[in-house]
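Subject: Handover of a structure and notes on its features

Dear colleague,

I am handing over the structure shown below, together with an account of what was found in it. Please read the notes with the structure open beside them.

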Amino acid sequence: MAALLICALSPRLPSRRVAIPGAAFIASIAYSAYLVQKLLIHGVAEFCRSQDIDSKSGPALIGVELCVYAGAAILFFAVERPFLQLRHRVAPRASRARS
C-alpha cells in the first residue's frame, strides 16, 4: 500500500496522471470501513462456520471484502455524509456569530 501511495504521489511517475475509477469513493468510505471491519469480519466468519466453508478460502475472503465495502458504504451514506452536510450548513453560521 505504501508503494502504491508513493507511485500515486510522485510527480515523476506517470501513474500520478492516471485516474482510477472509484478511488475517490473508496477513499471517502475508508473511515467507515475502519469502523465496521472487525464486526463484519466476525460476522462473515460465523456465517462460514455455520455453512461449513473454510474461512481462509477465496470465496470467504472475497465475501469479507464485499461485506466490508457494503457496510462501509451504508454507514457512510446513512450516518457520516448527512452529518458532514449538517456541519457544512451549521459551521459557516457559527464562525459568523463569533466575528
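In what follows, helices and strands are DSSP runs, a helix having at least four residues and a strand at least two, and they are numbered from the N terminus. Please note that this is a predicted model.

**Overall architecture**

Read from the N terminus, the elements of the protein follow the order α-α-α-α. The radius of gyration is 19 Å, well over the 13 Å that the globule rule gives for 99 residues, so the protein is more spread out than a compact globule. In total there are four helices and zero strands. The C-alpha trace spans about 65 × 40 × 20 Å along its principal axes. As for burial, 17% of the 99 residues count as buried.

**The loops**

Two loop residues deserve mention. Alanine 19 is placed in the loop between helix H1 (2-9) and H2. Its relative accessibility is 69%, and because the threshold for exposed is over 50%, alanine 19 counts as exposed. Between the C-alpha atoms of alanine 19 and isoleucine 74 there is a separation of 25 Å, the two residues being 55 apart along the chain.

Aspartate 52 is found in the loop between helix H3 (30-50) and H4. Although aspartate 52 is not a glycine, it has a positive phi of about 55°. With a relative accessible area of 74%, aspartate 52 is exposed.

**The aromatic residues and the nonpolar patch**

How many aromatic pairs are there? The count comes to three, by the rule that ring centres lie within 6.5 Å. In one of them, phenylalanine 76 and phenylalanine 77 have ring centres 5.3 Å apart and planes at 75°; the pair is therefore edge-to-face. Phe25, Phe76 and Phe77 together form one aromatic cluster.

Are the members of this cluster buried or exposed? Phenylalanine 76 has a relative accessible area of 10% and is buried. Phenylalanine 77, at 41% relative accessibility, counts as partly exposed. Phenylalanine 25, which lies in helix H2, is likewise partly exposed, with a relative accessible area of 34%.

Phe25 and Phe77 also take part in a nonpolar surface patch of about 360 Å², which they make with Ile26 and Tyr69. Membership of a patch requires over 30% relative accessible area, a value that phenylalanine 25 exceeds with 34% and phenylalanine 77 with 41%. Helix H2 (23-28) and helix H4 (58-98) each supply at least two residues of this patch.

**The cysteines**

A search of the whole structure for disulfides finds zero. Cysteine 48 is in no disulfide, and the nearest cysteine sulfur, belonging to cysteine 67, is 9.1 Å away. Why does the sulfur of cysteine 67 form no bond with that of cysteine 48? A disulfide needs two cysteine sulfur atoms within 2.5 Å, and the 9.1 Å between these sulfurs is too far for a bond. As to their surroundings, cysteine 48 is buried, with a relative accessible area of 4%, whereas cysteine 67 counts as partly exposed at 33% relative accessibility.

I would suggest beginning with the aromatic cluster of Phe25, Phe76 and Phe77 when viewing the model.

Yours sincerely

Technical notes:
Residues are numbered from 1 along each chain as its sequence is written. This is a predicted model: local features need pLDDT of at least 70, side-chain atom pairs count only at pLDDT 80 or more; totals for chains, interfaces and linings use all residues. Side-chain values use heavy atoms; hydrogens and water are left out. Patches are made of residues with over 30% relative accessible area and no salt bridge: like charges are joined within 9 Å, nonpolar side chains (Val, Leu, Ile, Met, Phe, Trp, Tyr) within 5 Å. Accessible areas come from the Shrake-Rupley method with a 1.4 Å probe; for residues, only the protein chains shown count as cover. A salt bridge is a side-chain nitrogen of Lys or Arg within 4 Å of a carboxyl oxygen of Asp or Glu. Buried means under 20% relative accessible area, exposed over 50%, partly exposed in between (1.4 Å probe, protein chains only). Rings of Phe, Tyr and Trp (its six-membered ring) pair if their centres lie within 6.5 Å; planes under 30 degrees apart count as stacked, over 60 as edge-to-face and the rest as tilted. The radius of gyration is taken over C-alpha atoms; the globule rule is 2.2 Å times the number of residues to the power 0.38.
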